[in-house]
Amino acid sequence: MDFSEKNVTKKLRNYHSIMDSESTSQSNVPQDQPVITGSIDLPPYFPLNQSLVKDFERCARLQTKVDQTIKESINNILSQTQEYLKFLLDDENLTNMDFDSKFFSYNLATLEELLKSQHESGIWKKSVEESKIKIRLQQRQEVELNLESLEYYQNQVDDVHFGDLVKKEYEEYRDIHNQETSLQTVLATNDAYKYLKNVTFILQNPQHPLPEEAEDDELEVAGGKISLKDPLSLNYFHTPLVSKKCGHIFEEDTITDYLSNHNKCPVDGCGAVLTRNDLKPDDIMTLRVKVYLLQNKTKRPQANVDRL
């Protein structure tokens, strides 16, 4: 501790200031108002001060900023992932060592935590709104805590405290909300999460069906593995396009030539009516082929190598 002359003098001044303040405060008490001596036990329940209620409502409004921060973080994760993936797919001189699977795994785990926070934040916001309504109603029915109402509140043993009310509302709303929309449901239906999860999976298993595709009877597989070759040319995909109507995948050049003379899907038994506008780029298949060829050091026929 600091016992220097300067510090001791400062503490003595503070002490005398406090004593003078208490003396002045006692001298200002009206003569007809009783002076309380000793201690008073607080009742088991007492109403929340109005200023604290306002503070609580202001804090609840801050949740909007939290939500915005979570949303921005999610967008940053997706932007970083897409930029890095585009770099990998566009790099013609890529080697197997350039695929940083840990980057995707880390981003996937981070995205899952952010979606979890977003999910819980939504529950908290709804429960707080319910709490605010009940607190306002309760306040209108209660009298202010003072000496006259002290005995009344000492008998209110069954009333719910502010903190307990907020907690109770949160837990009840959480249980109801999770029954309707669980976190697993949120993850399973979030396109960004599914995409990043699929990318992470493909980096390790380029020929395996995605978990949600495993039970798809229409999936074109051979020996439990997905075909990485165009069904028309039988060459590895380079610029694959997927049909938005039937989900079949084709090489851009071959399907374009085919549709110049036909208007149906060329896969046997499909028969879906197709036009060029029904096809879109398939980044997942592009990634599958690139990872597979790198992992297996497979060389395609020279015609296809030139196109890479």
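Visitor: Let me start with one pair in the sheet: which residue in β4 does Val242 stand opposite?

Guide: Look across from Val242 and you'll find Ile249 in β4. Keep in mind as we go that this is a predicted model.

Visitor: Which strands make up that sheet, and in what order do they lie?

Guide: When you read a sheet, you follow the strands sideways rather than along the chain. Here the sheet is open and has three strands, ordered β4-β3-β5, with antiparallel pairing. The edges are β4, residues 249-251, and β5, residues 279-281, and each of them pairs on one side only. Ignoring direction, neighbouring strands are turned against each other by 40° on average.

Visitor: What packs on the sheet?

Guide: Helix α9, residues 252-259, does, and it touches β3, β4 and β5. Its direction makes about 95° with that of β4.

Visitor: How many bridges hold β3 to each partner?

Guide: Strand β3 covers residues 240-243 and pairs with β4 in the antiparallel sense over three bridges. Its pairing with β5 is also antiparallel, again over three bridges. Leu241 is a handy residue to click on: its bridge partner in β4 is Phe250, and in β5 it stands opposite Pro281.

Visitor: Are the faces of β3 covered or open?

Guide: For a strand, check the residues pointing to each side in turn. Both faces of β3 are covered: Pro240 and Val242 are buried on one side, and Leu241 and Ser243 are buried on the other.

Visitor: Which residue in the hairpin of β3 and β4 takes a positive phi?

Guide: That's Gly247, with a phi near 85°. The hairpin has five residues between its strands.

Visitor: I can see cysteines around there. How many disulfides does a search of the whole structure find?

Guide: First the general idea: a disulfide is a covalent bond between the sulfur atoms of two cysteines. The search of the whole structure comes back with zero.

Visitor: Why is there no bond between Cys246 and Cys270?

Guide: The sulfur of Cys246 has its closest cysteine sulfur in Cys270, but because they sit 3.8 Å apart, they are too far for a bond. The cut-off is within 2.5 Å. For Cys270, the closest cysteine sulfur is in Cys265, at 3.7 Å, and that is also too far for a bond. As for exposure, Cys246 is partly exposed at 25% relative accessibility, and Cys270 is partly exposed at 28%.

Visitor: How do I read a loop residue, say Leu232? Which residues is it in contact with?

Guide: Start with its place in the chain, then look for partners from elsewhere. Leu232 is in the loop between β2 (225-226) and β3. Leaving aside neighbours within four places in sequence, Leu232 contacts Phe250, Thr254, Ile255, Tyr258 and Pro266. Leu232 is still partly exposed, with a relative accessible area of 35%. You can also compare it with Val267: the two are 35 residues apart in sequence, and their C-alpha atoms are 8.8 Å apart in space.

Visitor: Now a helix residue. Is Asn198 buried or exposed?

Guide: Asn198 is buried, at a relative accessible area of 10%. It lies in helix α8, residues 191-204. Not counting residues up to four places away in sequence, Asn198 touches Leu210, Glu212 and Ile284.

Visitor: And for two helices together, at what angle do α3 and α4 pack?

Guide: With a helix pair, read the angle, then the distance between axes, then the residues that meet. Helix α3 (residues 63-90) and helix α4 (residues 101-141) pack at about 160°, with axes 10 Å apart. The two are therefore roughly antiparallel, and their crossing is left-handed. Among the α3 residues that meet α4 are Ile70, Ile74, Ile77 and Leu85, while the α4 side includes Phe103, Leu111, Leu114 and Trp124.

Visitor: Where does Thr69 sit?

Guide: Thr69 is in helix α3 and is partly exposed, at 46% relative accessibility. Thr69 and Gln118 are 49 residues apart in sequence but 9.9 Å apart in space, C-alpha to C-alpha.

Visitor: Zooming out, how many helices and strands does the protein chain have?

Guide: The chain has 11 helices and five strands. Of its 308 residues, 30% count as buried. Among contacts between residues at least 6 apart in sequence, 66% join residues at least 24 apart.

Notes: Residues are numbered from 1 along each chain as its sequence is written. This is a predicted model: local features need pLDDT of at least 70, side-chain atom pairs count only at pLDDT 80 or more; totals for chains, interfaces and linings use all residues. Side-chain values use heavy atoms; hydrogens and water are left out. Two strands pair if DSSP finds at least two bridges between them. Helices (H or I, at least four residues) and strands (E, at least two) are DSSP runs, numbered from the N terminus. Axes are lines fitted to C-alpha atoms, for helices over the stretch in contact, and angles run from 0 to 180 degrees between N-to-C directions. Contact means heavy atoms within 4.5 Å. Buried means under 20% relative accessible area, exposed over 50%, partly exposed in between (1.4 Å probe, protein chains only). Angles under 35 degrees count as roughly parallel, over 145 as roughly antiparallel, 65 to 115 as roughly perpendicular and the rest as oblique. A crossing is left-handed if the near helix is turned anticlockwise from the far one by less than a right angle, and right-handed if clockwise.
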